[in-house]
Structure formats: structure tokens, C-alpha cells
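Me: Hi! Could you walk me through this one? I'd like to go feature by feature.

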Amino acid sequence: MTGNELLAAKMTSAGLRQHELAQALNDEIDTLTGRPGTLQDRHIRNWLTGKTRWPQARQRRALEAVFGCTAQELGFIPPPRSTTPPPASPEESVRRRTFTGNVVGLVAATALPPLPATSYRRIGMSDTERLRAAFAELVQSDNATGGTPGLETRAVAFAHHAMELQAVGSASQRVRARLYELAAAFTGTALWAAVDSCEPERAQRHLERAMTLAGLSGSAEITLRLWGHAGILARQTKRFNDAVAAATAARASAACRRDPLFRSLAHARLATAYSGAKEPTAALRALEHATKAFDSADPHADRPVWTDFYDRAELHGLSALVHAEAGRHDEAEAHLHHTLSLLRPGFNRNRSYYRSQLALAQLRQSEAEQACTTALSVLPAQPGDSLTERTSRLLAEFTAGLNSVAPRARCTTEWMDQYRPRRPR
């Protein structure tokens, strides 16, 4: 019996273990069908060993959505009388285009071995532009739905392809630098997806790889982005001194010297790091610098697509986190109202996250009824919808606080009737 080496290679490049892939596929099946999948480690093991050569239809659809390529390109072999895969449904086709657009072929290529030396071809800027388009789509997907195992896996696959192009073709030094930059950008997106999913061990592995790639690219902008993610990861794992160090490194980058918007973002992230480290004076001072730099930035300057999230709404949101940490919950609430009124369409993940923060700020001012109304607006409207792990944890914190502040209030009963905590992972 021959093992499935292509699937094994895909899982290795994505940093997925058997139980992690099973969970990612179950989530994907839930999204596709409205019912959670039932895959376990043993199913993945049967695929890897070749015991199961052709998974069920919904399992194949989930595999293709997670890895961005066909079941055959993942090493699966259809039965003899079914050598042609069934045509994709219109819904599946739309979904695939949403995530990968015109670059599905590039992702599929990550499952292939490097071309032999005699097959070298010239890699040009058109190749990097296709990857840039894919990166923009992943950023848009992250803004809409947040970090998911599927997004993380797709980002890793694109990073792998960017590095594969380095190996299989000849290119100018400028193109090679772009490929390193794109590989770092994709790996940074995988890092952020892991942070949003509260998976610090995977996030740390992505961070180390991304920093190496960013150094090879020489891109100050990508390095700045990674230091920002490193600081958030450090805060998530309660390493507050590391968070301050990461934010300080970001603030000292060449990108901040060139562009006030980058400088504003670095100062805002430094402010949240200081607030976590219980240095409120330094945090508020950094926040003032962030606001001044933002006001002086050119809103029409050409910047990388990943910076699109940082606008006046996000600055108010980060300001709210700083004030909340300092115990200034009324000021935090004011900033959060500004955030929610300024958030642009498409930033659904941030809207849910900051609404959850608003509910907490209101609860901490003993406004239990208003806080419940706000929290109820965060809950998914449809059965198949879900929240990111970071937002889910905020709602769990809200629930504990509500039961402490107003255990017998009518609004508490209403919240507990509708709130469904995420199952322990």
C-alpha cells in the first residue's frame, strides 16, 4: 500500500498535525453544509497511509477549500469508473474564487516537486503580481471573517509557492527580493491567523519563519508588520516586556522614518504594549504620538495592501484598549463608539471584536442592560456563522463579569438564554 506523500507534504508545509487538519476540515464542512464534520485523527491517518484513496464528496470539498487545490492534486486517486471529478457546484465555484481568484493554479503547484534544472524558466514581475493579487484577496478574507485554519493554510501554501519559484526559475535580483517579500507577507498572514485563532505555538513558528524571509527581502514595511504581530502575540501570551520590545523595534524601523502613517501605527501598538505592562503614563504618551503622526500622514499615499485596516476607526479602537487597561472605561466607551461609527463595510471581524470590547466597557461602568444589548448584537445571526477565537474569549469574559455584576437581572437571563459558548478545544 502506497502512502499519500503529496498530502503529507502539504500538511508539513502548512504546519498542520493530523488532529489539527481534522478540526479544520470539520469547520469547513460545517460552513459548506451547515452541519459539523465528524473527521478524526484516524481518518487523516487512513488518507496518509493510503488505506483510504478517495474520501467522501463533502470531505473532498472541504480538503479542496482548505488547501486550495483539487483532491487529485492532493494525492487522492478516484475509483476507476470515476476518473473525472464531478463539476463544482455554483456555490463552490463562487467560494473558491472568493479565496483564490485567478491564482488557484499557483496554489496547486505547491504540491508538485521542484522542476529539474533543465526546465528552468525566467521568473518575472508578472509572476510576483499574480501573487500580490492573491495576497490582497487573503487580506480581504481576513478582514471579513478573521483568522481561520483555512486562511492560515492557504497563506502557508502561497508562501511555499513563492519560495518554490525561487528554486525553479532564473530571475533578476529585484524579482527575487519581491518573492522573499511576498513569502514573508503570506507567512505573516498565517501568523496573524494563528494569533486570531489563539494558537500561540503555531503563531510563534510562523513568526520565526516570516522574520527570516523578511530579512532576506530587505523590506522595511514587511518587517514593521511582523514586529506588530509579534507584539500582539506576546501580549496574548502575557509576555508584556516582549510586547514592549517588539513595538519599540517597530517604531525604530526605516518605514516609520519615511511615512507618518507607519509611525502612527507603531506608536499605537507601543501604547497597547505599555498598557499591558501596567505603564499607563507611557501608554498615554505613545497614544498622543500616534494621533499626531496619523494627523500628519498623507491619506492618499501609495502603501501596501495590508495597511488598509489602519484608519481613524482602528486608531480609536486601539485607543480604547489603552484606556480600558488603565481603568478609564468611560473614555474607552467613547473611543469605541467612534470606532464602530467609522468602520468601513467589509471589516466584519473588527466590528464584532470592538462591539465585544464595548459591551465590556459598559459592563465595567455597571450598565448591565446596555452592555447586554451590545453583546447580543455580536452573536452570529446565522447558524453557520462563527466568531474568531479572540472575540469568543471576550464574550466568555463578558459572561463571567455579567454573572458577577448582575446575576439576577432580567438582561442576564436573556443573555444566558441566547449565548452559546464555543466548545472547549
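Me: Let's begin with Ser 366: where is it found?

Reply: Happy to help! Ser 366 sits in the loop between H18 and H19. Just keep in mind that this is a predicted model.

Me: What about the phi of Ser 366?

Reply: Ser 366 is not a glycine, yet its phi is positive, at about 65°. For background, most residues other than glycine have a negative phi.

Me: And is Ser 366 buried or exposed?

Reply: Ser 366 counts as exposed, because its relative accessibility is 59% and the cut-off for exposed is over 50%.

Me: Which other residue that is not a glycine has a positive phi of about 65°?

Reply: Lys 238 has one. You'll find Lys 238 in the loop between H11 and H12. With a relative accessibility of 62%, Lys 238 counts as exposed.

Me: Good. Back to H19, then: which of its residues are buried?

Reply: The buried residues of H19 are Ala 368, Ala 371, Cys 372, Thr 374 and Ala 375. Looking down the axis of H19, these buried residues fall within an arc of 165°, so they line one face of the helix.

Me: What do the buried residues of H19 pack against?

Reply: They pack against H18, H20 and H21.

Me: Let's take H21 next. Which residues are buried there?

Reply: H21 covers residues 410-418, and its buried residues are Cys 411, Thr 412 and Trp 415. They cover an arc of only 100° around the axis, which puts them on the same side of H21.

Me: Is there a general reason for that kind of pattern?

Reply: An α-helix has 3.6 residues a turn, so residues three or four places apart point the same way.

Me: What's exposed on the other side of H21?

Reply: Arg 410 and Asp 417 are exposed there. The buried residues of H21, for their part, pack against H19 (368-376) and H20.

Me: Changing topic: how many aromatic pairs does the structure hold?

Reply: There are nine aromatic pairs. Take Tyr 353 and Tyr 354: their ring centres are 5.3 Å apart and their planes are at 70°, so this pair is edge-to-face.

Me: And which pair is stacked, with planes at 15°?

Reply: That would be Trp 415 and Tyr 419, whose ring centres are 5.0 Å apart.

Me: Are the rings of these residues on buried or exposed residues?

Reply: Trp 415 is buried, with a relative accessible area of 0%, and Tyr 419 is buried as well, at 10%. In the edge-to-face pair, Tyr 353 is buried with a relative accessible area of 12%, and Tyr 354 is buried with one of 2%.

Me: Which residues form an aromatic cluster?

Reply: Phe 135, Phe 158 and Phe 186 form one.

Me: Now pockets. What's the volume of the second largest one?

Reply: The second largest pocket has a volume of about 1,200 Å³.

Me: How many residues line the second largest pocket, and which lie nearest its centre?

Reply: It is lined by 41 residues, and Ile 232, Arg 235, Leu 321, Tyr 353 and Arg 390 lie nearest its centre. So Tyr 353 turns up again, having come up above in the edge-to-face pair with Tyr 354.

Me: Which helix gives the largest share of that lining?

Reply: H11 does, with seven residues. Several helices each supply at least two residues of the lining, including H7 (125-145), H9 (173-196), H16 (312-325), H18 (348-363) and H20 (389-405).

Me: How do the lining residues of the second largest pocket divide into nonpolar, polar and charged?

Reply: The split is 18 nonpolar, 10 polar and 13 charged.

Me: One more residue: where is Ala 334?

Reply: Ala 334 is in helix H17, which spans residues 329-342. At 38% relative accessibility, Ala 334 counts as partly exposed. Ala 334 is 15 residues from Ser 319 in sequence, and their C-alpha atoms are 10.0 Å apart in space.

Me: Finally, the overall picture: how many helices and strands does the protein have?

Reply: The protein has 21 helices and two strands. Of its 425 residues, 51% are buried. Among contacts with a separation of 6 or more, 69% are between residues 24 or more positions apart.

Terms used
Residues numbered from 1 in each chain as written. Predicted model: local features only at pLDDT ≥ 70, side-chain atom pairs only at ≥ 80, totals over all residues. Heavy atoms only, no water. 1 Å grid on protein atoms, 1.4 Å probe; cavity = no way out; pocket = protein on both sides within 12 Å on 5 of 7 lines; lining within 4 Å. Points joined across faces, edges and corners; volume = space filled by probe spheres on them. Helix = DSSP H or I, 4+ residues; strand = E, 2+ residues; numbered from the N terminus. Nonpolar A, V, L, I, M, F, W, Y, C, P; charged D, E, K, R; others polar. Buried < 20%, exposed > 50% of the residue type's maximum accessible area, 1.4 Å probe, protein only. Arc of directions from axis to C-beta. Contact = heavy atoms within 4.5 Å. Phe/Tyr/Trp six-rings, centres within 6.5 Å; stacked < 30°, edge-to-face > 60°.
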